[in-house]
Each structure stands twice: as C-alpha cells, then as structure tokens.
Amino acid sequence: MPGLEAAEGRMLIDGQLVEAEGGRTYANVNPATEEVIGQVADATVGDMDRAIAAARRAFDETKWSTDLEARSRGMRQLHEALVRHKEDLRPQIIAEAGAPLQLTYAVQQDSCIQDMLWDIECAEKFEWERELGVHEFFGMKSNRRVLHEATGVAGLITPWNFPFMLNLSKLVPALMAGCTAVLKVAPDTPWSGTYLGKLIAEETDLPPGVINVVTSEDPAEVGDLLTGDPRVDLISFTGSTQIGKHIMVRCAPTLKRVFLELGGKSAQIFLDDSNIEQIAGPSGASICIHGGQGCAIPTRMLLPRSKYDEGVARLEEAFRNVAYGDPTDIANSQGPQISAKQRDRVLAYIEKGKQEGARCLVGGGRPSHLEKGYFVEPTLFVDVDPDSTIAQEEIFGPVLAVIPFDDDDDAVRIANNSRYGLSGSVQSGSLERAMNVARRIRTGTLSVNGGMWFAPDSPFGGYKESGLGREHGIEGFREYLQTKTIGYPTTR
Ligand code: NAD
Ligand code: MN
C-alpha cells in the first residue's frame, strides 16, 4: 500500500528502536482491505521487563522528574516533529485503524497534535508549589509548603479506536508531570505508538528511558506484567469496562494509582419543544462516525412520544444516507470495524436486538456491496425497551437504539438507567430547560443544544462504571501528580 513507507515496526525501549526478543513479530492488518500492511515487534515478557526497568531508572537516577525545562523542550520537539511528519502518519492511522480520512483532520490526528500544546503549557504555568502560611498546633507555630511532584513510573494502556489521540492524551501530561512511562499500545493499532517512538528517538532530545513504547499481539501477558509490577506507580487505561476492572484488581496489591476511561452507553435526549424535524436525523446518524467505535458516542436516542413518529421518519431517512465504506475516501464518515472479531460482536448484538423485539428499520447486517473489510451497515433500531440488551450494553458499532419517553422526568430516568455514565446530550427550545435536565444526568460530560464539550482543557471521564478520574484539562494533568506537604519553622 503506498504512503506507508514511513511506518515503524520496532519498539522504543531505553532510547533505542528495538526488535522484540528473538525477532518475534506479528502482522498489522488493514480492517478496510483485510490486507497485511506490515510486521511489528511482538514483545515478550522480557521486553516489557526491560521497558519497565528503563522507565524506573530514568525516574530514579536522572533529573527528569524535576527538570521542567528539559521536559518542555523535549515535548515541544516532539510536537514540531509531528507537525513535520503528519502526512507520513496520516495514511498509517487510516490503514491500521480503518479511521476515515476526514476524521484524521480532526480528532484522529491533527487536532491532537495541536492540543498537545495545551498540555505542555498547562505544566509550564502550573503552580508546582504553594505556601499555606502559619498554623499553630499545640502552641507551636509552623509554616506549611505544598509541593506537587511526579507520581513516578506510569503504565499507559490504550485502545485501537482513537489510537494516536489516546496515546498523546496520556503521554503528554504524564511526561510533562515528570513521570516516566511505558506505553503499551493496542495490538490492532501498533504504528500509532511505534511512529511516536521513532520520532522521539530520532528527532527529540527526550532522554533514554523516559518513554518506552511496547507492542505485542497478546495484550494479557505483557499487560499483566505492567499492571502488577511493583516498579510501576500508576496505570492510566482506556478501554473496556471489563478489562478496566481486571486492571484495578491487578493494581490493588501494590496500591497503584489507577485512572480508568471505560465504556459508555450515552443518551441523546430530544425534549418535546426541540427541533426534532431538523436535528434528530443528522444527530442520530452521526453515531455511525468511525463505525460507532467511540466510548462517548451517544448510541441511545430518547424521543418524546408526542413527536416519536416524526423523529423516527427523520432518522430512517438519515440512516439510509450515511456515507460509509472506504476510509480513504474523504466523503465517508464511517469506515470498517477494527477486526472480524469486533464486526461479529456487533452483528451478534444486532441479532440479539431483533430477538428481544426491537424493530430494525435500517441496516442490520454486512453490506452486500463491500466485498472486503470488516464493515457493518448503519443500523437503526426503534421501539427499543430501555432494559433490553441493545439499550444496556456497549455495542461499539454503528447501531442506534431509539426509545420513546413520556415527559422530562421519564427521559432523565431512562437516560440514567445505565451502568455507564460517560456522556450524552440534551436538546430543547429552552436553554434553561435543557440545562435543568443536563444537571440531572449522571455522566461526566454533556452537550446541551449542540454545544461541544470536547477540548484540551475540558476534563473528560466517567461516572459509575464508565471509569475513575479525568483525562484532559487541569484535572487530567493532576492525575499524574502526587502531593507533598512540608511543615517548617516560622523562625530560622
Ligand atoms: P480491551 O479493553 O480489551 O482493550 C483495551 C486495551 O487494553 C488494549 O491496549 C488491550 O491490548 C489492553 N489489554 C487487554 N487485556 C489486558 C490486560 N490483561 N492487561 C493490560 N492491558 C490489557 O478492549 P477490546 O477488546 O479491544 O474491545 C472490546 C470492547 O471494549 C469494545 O467492543 C468496546 O465496547 C470496548 N472499548 C472501549 C473503548 C473506550 O474508548 N472506552 C476502547 C476500545 C474498546
Ligand atoms: Mn491494524
């Protein structure tokens, strides 16, 4: 495939681009064509062990964690390298993740490169130390100083859906905080990590060991080493709720700090005074972006009974017109699912939805006009029971579940009838009414009347089983910091 010459198959360990022990490799597959696009290092436990050791050494034995200037310089060099090479990276992300080209101009690539500057500046301007002043305790006066320090070695584990964005979303704040890191990327999207490793090694002064990038076909073996190892102080994970819980258990014996950004089943609510005629169609069909493979995508739509039929008609029209297929075609907003396994998982949920009595109005299968690739048709389910499987479980496919409601209270109740709590949206003719509903939704982010919450300084994360902690913003930066309080005398 042309345009992929720049891709890197080696890992970054202790400052060196290296093969896996014994030269082990595995195939990177393009989910749109089912073709092998390259071979990448398949790490052994020994490789992961060396990466952890390198990160530990860089943290304990170098000035990295206290040298903010060196961190700024190195990360700004990485930013410049990414700007220089973004046209080398773009085809890699499209080919390995099946990411639509149009999305790479935004959150799959370009906006993350831009947004990393916010994280760099956040650390540069951060109040690392503050004085609390004098406090009297049993007749003795003391000054107190609060210091923020790097937590230590961070294990960063990322998924395949927005691989480059999530690698950067963890790497930049972790390193700017003064942590050192081992990035374990998703098996399906190794290049989004190894290319970062290549640029770090070849075009920055970032010292050996501060960032290590590990790729492996089997995530469990090397992943369990990373999450269980006492040399690692913190795990930052994005992925499924199931693996998130497993990781939390793994982290318990050594009491690691755990940050988890997990699944979602977010609701888009259209109140009865909203512009359903105009907005419901495009808003509903937008869940097909990137094949619905996004944790914050609102894959339940709640429509008022009084305008239900009208909303369903608009949705049907919009779902029939979703542009999907070849991700290299700028017109398509939906590409393939990441793998045959994920496609089959989505198709199984669609079958379950039919069995449980929901009406499948559009799609519901594999597209007949696309011979290769792990595609699923844009799929619209209406009359969905809010307690049924397709209304409760994260499908991670282009599948919308439409649910009717009676009044605002009923909408809030249905929206909150979920073990997840990641995101959602509310539409109303009245901003105040929409805001009142938004306040009652138990999720970490919300869009009101089309407002966009996503930004580098917007904290992002979940309530309930959607996770722990926040990514992005000052809250996200603080996840990588420890707090130390020092008491000292008022007189010298
Ligand atoms: P996953 O949770 O298994 O994988 C996410 C990351 O965790 C990957 O890097 C994977 O290699 C790693 N991992 C897996 N087992 C591990 C272990 N024992 N120790 C350490 N790391 C480990 O997700 P998946 O299987 O790729 O996808 C399954 C479902 O997860 C999807 O259908 C979707 O519902 C959900 N998902 C959610 C997100 C999200 O952004 N919240 C992302 C991807 C997948
Ligand atoms: Mn791939």
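A polar contact is a pair of N or O atoms within 3.5 Å. The exercises below apply this cut-off, among other things, to a predicted model.

**Exercise 1. Identify which atoms of ligand 1 and Gln342 form a pair, and test the pair against the cut-off.**

Solution.
- Step 1. An oxygen atom of ligand 1 is 3.0 Å from an N or O atom in the side chain of Gln342.
- Step 2. The cut-off for a polar contact is 3.5 Å, so the pair with Gln342 at 3.0 Å qualifies.
- Step 3. Trp160 can be treated likewise: an N or O atom of its side chain is 2.5 Å from an oxygen atom of ligand 1.
- Step 4. At Gly239 the partner is a polar backbone atom, which lies 3.1 Å from a nitrogen atom of ligand 1.

**Exercise 2. Determine how much of the surface of ligand 1 the protein buries.**

Solution.
- Step 1. Ligand 1, taken alone, exposes 810 Å².
- Step 2. Of that area, 91% is buried by the protein.

**Exercise 3. Describe the shell around ligand 1 by residue, element and class.**

Solution.
- Step 1. Ligand 1 is surrounded by 27 residues, and the closest are Thr158, Trp160, Ser240, Arg345 and Glu394.
- Step 2. Two or more shell residues come from each of α7 (219-228), β10 (234-238), α8 (241-251) and α11 (340-355).
- Step 3. The most is given by α7, with four residues.
- Step 4. Sorted by class, the shell contains 13 nonpolar, nine polar and five charged residues.

**Exercise 4. Relate ligand 1 to the largest pocket, and characterise the lining of that pocket.**

Solution.
- Step 1. Ligand 1 takes up the space of the largest pocket.
- Step 2. The volume of the largest pocket is about 1100 Å³.
- Step 3. Its lining comprises 39 residues, of which Trp160, Gly239, Ser240, Ile243 and Lys341 are the closest to the centre.
- Step 4. The elements α7, β10, α8 and α11 each give two or more residues to this lining.
- Step 5. The lining of the largest pocket has 17 nonpolar, 13 polar and nine charged residues.

**Exercise 5. State how many cavities of 30 Å³ or more the structure holds, and characterise the largest cavity.**

Solution.
- Step 1. There are three cavities of 30 Å³ or more.
- Step 2. The largest cavity contains about 120 Å³ of space.
- Step 3. It is lined by 14 residues; the closest to its centre are Cys112, Asp115, Met165, Ser169 and His472.
- Step 4. The elements giving two or more residues to this lining are α4 (110-125) and α5 (163-177), and α4 gives the most, with five residues.
- Step 5. In the lining of the largest cavity, nine residues are nonpolar, three polar and two charged.

Methods: Residues are numbered from 1 along each chain as its sequence is written. Chains are lettered from A and ligands numbered from 1 in the order in which they are written. This is a predicted model: local features need pLDDT of at least 70, side-chain atom pairs count only at pLDDT 80 or more; totals for chains, interfaces and linings use all residues. Side-chain values use heavy atoms; hydrogens and water are left out. On a 1 Å grid over the protein atoms alone, a cavity is a set of points where a 1.4 Å probe fits but cannot get out, and a pocket is an open set with protein on both sides within 12 Å along at least five of seven lines; lining residues have an atom within 4 Å of a point. Grid points are joined across faces, edges and corners, and a volume is the space filled by probe spheres set on the points. Ala, Val, Leu, Ile, Met, Phe, Trp, Tyr, Cys and Pro count as nonpolar, Asp, Glu, Lys and Arg as charged, and the others, Gly among them, as polar. A residue is near a molecule or strand if one of its heavy atoms lies within 4 Å of it. A polar contact is a pair of N or O atoms within 3.5 Å; within protein, one must be able to donate a hydrogen and the other to accept it, and residues adjacent in sequence count only if both atoms are side-chain atoms. Accessible areas come from the Shrake-Rupley method with a 1.4 Å probe; for residues, only the protein chains shown count as cover. A molecule sits in a cavity or pocket if more than half of its atoms lie within 2 Å of its grid points.
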